[in-house]
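Student: I should like to study the aromatic residues and the nonpolar cores of this structure. May we proceed by questions and answers?

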Amino acid sequence: DCIRCPEDDVSTIGPVTITKVTSGDVIVGKPITFTALNTGDADDIKYTWSVIPNTVVIASVDNEKITIIFDEVIDYIVRVVANDYWAGDSPQSSNYNVTVSETIGQVLITAETNDVQVNVPILYSASVEGNVRNPNYSWSVSPNTATITIRDTNKALISFTEAIDYIIRCI
């Protein structure tokens, strides 16, 4: 009596690959789903998932699928190990390298005052909602009859030369 006898047909897991199912960039806070695929004929595979470094939120695991919420703008490795007691090539594993992208999100512009007067400079500040580390700011005013004294930081000192409507942009 043997459990795995030489004369039995032995199933295989085959090579395992990880595929990112969720479209788009991997960004902080966005749930990203991965799935493990194998090429063998084993039918009782158990998948064990891990993430290096382990600073993520595992939103859900459904054997061959995992949904992860990454919490930092760093590089990660998603790893899966496939095991099947009856498979002749068990265990099999695969790694998937993940780079979490920076995002700017919306740019919010605020003014130090709402009392706008012709030729009186007003200091405007911009802030981003995303996780970008060192954003570059580019200020513009339309129509371009205003004067921008500071424009390469998150602040702009703007003087309006006419009493008309202006559009302030920061990208």
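Student: Is phenylalanine 160 buried or exposed?
Tutor: This is a predicted model, in which local features need pLDDT of at least 70, side-chain atom pairs count only at pLDDT 80 or more, and totals for chains, interfaces and linings use all residues. Residues are numbered from 1 along each chain as its sequence is written, and side-chain values use heavy atoms, with hydrogens and water left out. Buried means under 20% relative accessible area, exposed over 50%, and partly exposed in between (1.4 Å probe, protein chains only). Because phenylalanine 160 has 5% relative accessibility, it counts as buried.

Student: What is the geometry of the pair formed by phenylalanine 160 and tyrosine 166?
Tutor: Rings of Phe, Tyr and Trp (its six-membered ring) pair if their centres lie within 6.5 Å; planes under 30 degrees apart count as stacked, over 60 as edge-to-face and the rest as tilted. Here the centres are 4.7 Å apart and the planes meet at 45 degrees, and the pair is tilted.

Student: How many aromatic pairs does the whole structure hold?
Tutor: One of them joins tyrosine 124 and phenylalanine 160, with centres 6.4 Å apart and planes at 90 degrees, so this pair is edge-to-face. A search of the whole structure gives a total of six.

Student: How many residues has the largest nonpolar core?
Tutor: A nonpolar core is a set of buried Ala, Val, Leu, Ile, Met, Phe, Trp, Tyr and Cys residues joined through side-chain atoms within 4.5 Å. Among those with the most contacts inside the largest core are Phe34 and Trp49, and its residues number 23.
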